[in-house]
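Biologist: Please take one part of this model and go through it closely. I would like the metal site and its surroundings.

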Protein chains: 2
Amino acid sequence: ETVPNVVETDPNPLTCPVCLDSKAQIQASSRNLVSTKCGHVFCSFCIEQVFKSTRQCPQCRKKLTNKCWHPLYI
Amino acid sequence: ETVPNVVETDPNPLTCPVCLDSKAQIQASSRNLVSTKCGHVFCSFCIEQVFKSTRQCPQCRKKLTNKCWHPLYI
Ligand SMILES: [Zn+2]
Ligand SMILES: [Zn+2]
Ligand SMILES: [Zn+2]
Ligand SMILES: [Zn+2]
């Protein structure tokens, strides 16, 4: 299968699934995008809130420990 | 600063900085997007190659160890 080598618009633009803010909104408001080890992406504000409350990944329910996420430079 | 709440096209569409393939090309060819702990994003093929050779992150030169990356579900 050949994928055309053209500039694409992403059909799934990146948003935080908790607050629904877009990547641009997140970055314009001094938050970072972060990824959990389980590969799910949030804004840094929402992951901190989750870490203070349920400590489960909002996407897959895996347990979040202290070092389970990192900033994502995209 | 207010960020307009509209659908945006990302001015920095996601690509693997090693092979330059887009997210769509990566996903259409049975590769994954992966993130390193240092927060840099590659395709799974390129990160495996790097791990077999220099073992340094191509973006920031941090040492890559075995568990230093994970799939990214975006
Ligand atoms: Zn959020
Ligand atoms: Zn998860
Ligand atoms: Zn690649
Ligand atoms: Zn790096």
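**The zinc site and its sheet**

Modeller: B:C46 is buried, with a relative accessibility of 7% (buried is under 20% relative accessible area, exposed over 50%, partly exposed in between; 1.4 Å probe, protein chains only). B:C16 is buried too, at 0%. This is a predicted model: local features need pLDDT of at least 70, side-chain atom pairs count only at pLDDT 80 or more, and totals for chains, interfaces and linings use all residues. Residues are numbered from 1 along each chain as written, chains are lettered from A and ligands numbered from 1 in written order, and side-chain values use heavy atoms, without hydrogens and water.

Now the metal. The zinc ion (ligand 3) has the protein donors B:C16, B:C19, B:C43 and B:C46, each through SG, at 2.3 to 2.4 Å (donors are N, O and S atoms within 2.8 Å of the metal, 3.2 Å for Na, K and Ca; water is not among the atoms, so sites may look incomplete). In sequence, the spacing is C-x2-C-x23-C-x2-C. B:C16 and B:C46 link distant parts of the chain, 30 residues apart. B:C16 sits in the segment before α1 (23-28), B:C46 in helix α2 (residues 44-52) (helices, H or I, at least four residues, and strands, E, at least two, are DSSP runs numbered from the N terminus).

Next, the sheet. Chain B has an open, antiparallel sheet of 3 strands, ordered β2-β1-β3 (strands pair if DSSP finds at least two bridges between them). β2 (41-43) and β3 (69-71) stand at its edges, each with a single partner strand. Antiparallel β1 (residues 33-36) and β2 of chain B share 3 bridges. B:S35 faces B:V41 of β2(B).
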